[in-house]
Amino acid sequence: MSRHLNTALEAVRFIRAQKVEGRAKWRRTDEADGIADYSLYHGACGVILLLLELHAAGQDPGALDEAIAAGEEVVEYLAKKDRLSVSMSTGWPGYAFAMSELARVSGREDFRACAVRCLEKLHAQSTPRGAGIGWIETAPFADITGFSDDREIYDQSVGAAGAGLLMIYAHRQGLHAEALNWAKAVAERLLEVAEPDPDGLRWRLMNDMPFPFTAPNFAHGGAGVGYFLIQLFRETGDARYLDAAREAARYTMSRSKPMGQGKLVVHTEEARRPIFYLGACHGPAGTGRLLLELHEITGDAHWLEEAKALMEGLTATGAPRTRSAGYWNNFGQCCGDAGVGEFALLMAARTGDESYRELAQACADVIEEASDLKPDGRRWVQAEHRERPDFLQAQTGYMQGAAGIASFLLHLATTEAGAPVKIALPDWPSA
C-alpha cells in the first residue's frame, strides 16, 4: 500500500470516529459537542463523495453501504426543506450533485429523484431578472462583513454562476429536460450584468456591492463566471459565451503581478498591498481551470502559457513548503494544499509535464507532515479563514477537512497506480 493511500485511509478512520451516535452523519469537527450537517462543504454530502471514491478504488468494502445510509438521511432531511441557499457549497446545487452521484453509483432511483427535486427547487427560487434569471439572497459572509441585506448574487462559489454549472451538470447527466434552458437563462442575466472594461469583462460578487471587494479571480470574481460560460459554450456552441469567457480571462490576467518567472493574480483589487491566494479559492488552482479550458477549446497556446505562468508564480513563492499571506495554515480543498495538488494533477494530465505531478507529490508530503495521528485516525488542525489564523479546528468535511484531503491523497495514489479515481465537481474540468 502506498504511503498516500495509507494516509487517506487513516483520515477515513478519523472521519468515522466523528459519526453521530445512531445516525449516518458526522460532526464537523472532533469536538465532542460539535455540530453536524448534511452539506457538501462541511457535512455528509462531502463525506458521501469520498466514500464513493473509496468504493470505486476498491479500498473499502463497506464504503458504498455507508454512503447509501448517509444518502437516505440526506433525502429525509431535504424532504422537509422548501428553501435553501443557491450556494454550491451549502445549498441546493451541492445536494443535487451529491445525490445524483450517489444515484449513479448505487442505481437507486430515490436518490436520483431527490437530485431532481433539488434542481427544481433551485430553479423555483430564481426570479426573472432582465434577460434571464437570477437569485436574490441575504448577502453572503454576513458573519464576517456585518452586512446582511438582500442582494442578487452572481459568482461561482455562492451565486448564479455556480447554480448554472450545476444545471449544466444536470443536463449532461440527463436529470431534467429543462436543465440546459435554465442554464442559458442564467447566462443571459450574467452577460447582461457584466461590466465592460478596457481589459475585458468584469463581474462582481453581487449587485450594488456594499463594501470594497473586487475579486478578479475564480471563486468570487469573473474567472468563475467565465468558467461557467465556457462550459455552456461546450453544450450550445453559442459563440457569445466563448467570447465572454475569453474576455473574463483577459480581465482576470490583467490584474496579475510578476512573481519570480511567473505571475499571480491579486486577491482583491482594493488592497494597498496585494495578497496572492494560491488555492482553489482565488488562486491558480481555481483561475487556471478557465485558462486550460480556453486552451483546449480554442487551441490558442496563449492560454496554456498563462496557466503555466500562474503555476510558476505559485512555486516562486516557495509553495508548498513556504507559507505566505495567501497560503496560510490550511491544507484543504478550498484554500490549501489539497486544492493545489488537485490542480497540479490536472496540469500534469493536460500537458504531460511530470513536474506538475512532482508538485502534487510535494503537496501530499506537506499535508502528511502537517497531520496529527491519533488512535482514532489522522486529522489536520488548521485555520479555515486567513484572517483568523489562530482559530484552529480539526474538520471532517470535504472543502475544509479530512474528507477533501483524503480525496486528494486517494486521487494521487490511484493516479500513481495508473488508474485515477476522482469524482469531479461541476466546477472541475475533466483530465
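This report describes the salt bridges, one strand pair and the cysteines of a predicted model.

**Salt bridges**

Side chains of opposite charge can pair when their charged atoms come close. In this model, 41 salt bridges are counted, and the table sets out three of them.

| Pair | Closest N to O distance | Relative accessibility of the Arg | Relative accessibility of the Glu |
|---|---|---|---|
| R16 and E66 | 2.6 Å | 31%, partly exposed | 12%, buried |
| R189 and E192 | 2.8 Å | 12%, buried | 40%, partly exposed |
| R255 and E269 | 3.5 Å | 18%, buried | 26%, partly exposed |

The side chains of E66 and R16 meet in a salt bridge with an N to O distance of 2.6 Å. Because E66 belongs to helix α3 (residues 63–79) while R16 belongs to helix α1 (residues 3–17), this pair ties together parts of the chain that are 50 residues apart in sequence. R16 and E66 also take part in a network of salt bridges, in which they are linked with K19 and D60.

The salt bridge between R189 and E192, at 2.8 Å, sits within a single element, since both residues lie in helix α8 (residues 179–193), where a spacing of three residues separates them by about one helical turn.

R255 and E269 form a salt bridge in which the closest N and O atoms are 3.5 Å apart. This pair links distant parts of the chain, with R255 in the loop between α10 (239–254) and β7, and E269 in the loop between β8 and α11 (284–298), 14 residues apart.

**The hairpin of β7 and β8**

Strand β7 (residues 256–259) pairs with strand β8 (residues 262–265) in the antiparallel sense, over four bridges. Within this pairing, K257 has L264 in β8 as its bridge partner. The two strands form a hairpin with two residues between them, and G260 in the turn has a positive phi of about 60°.

**Cysteines without disulfides**

A disulfide is a covalent bond between the sulfur atoms of two cysteines. How many disulfides does the model contain? The count comes to zero. C118 is in no disulfide, and the nearest cysteine sulfur, that of C114, is 4.3 Å away, whereas a disulfide is counted only when the two sulfur atoms are within 2.5 Å. For C363, the closest cysteine sulfur is that of C335, which at 14 Å is too far for a bond. Both C118, with a relative accessible area of 0%, and C363, with 0% relative accessibility, count as buried.

Terms used. Residues numbered from 1 in each chain as written. Predicted model: local features only at pLDDT ≥ 70, side-chain atom pairs only at ≥ 80, totals over all residues. Heavy atoms only, no water. Buried < 20%, exposed > 50% of the residue type's maximum accessible area, 1.4 Å probe, protein only. Pairing = 2+ DSSP bridges. Salt bridge = Lys/Arg side-chain N within 4 Å of Asp/Glu carboxyl O.
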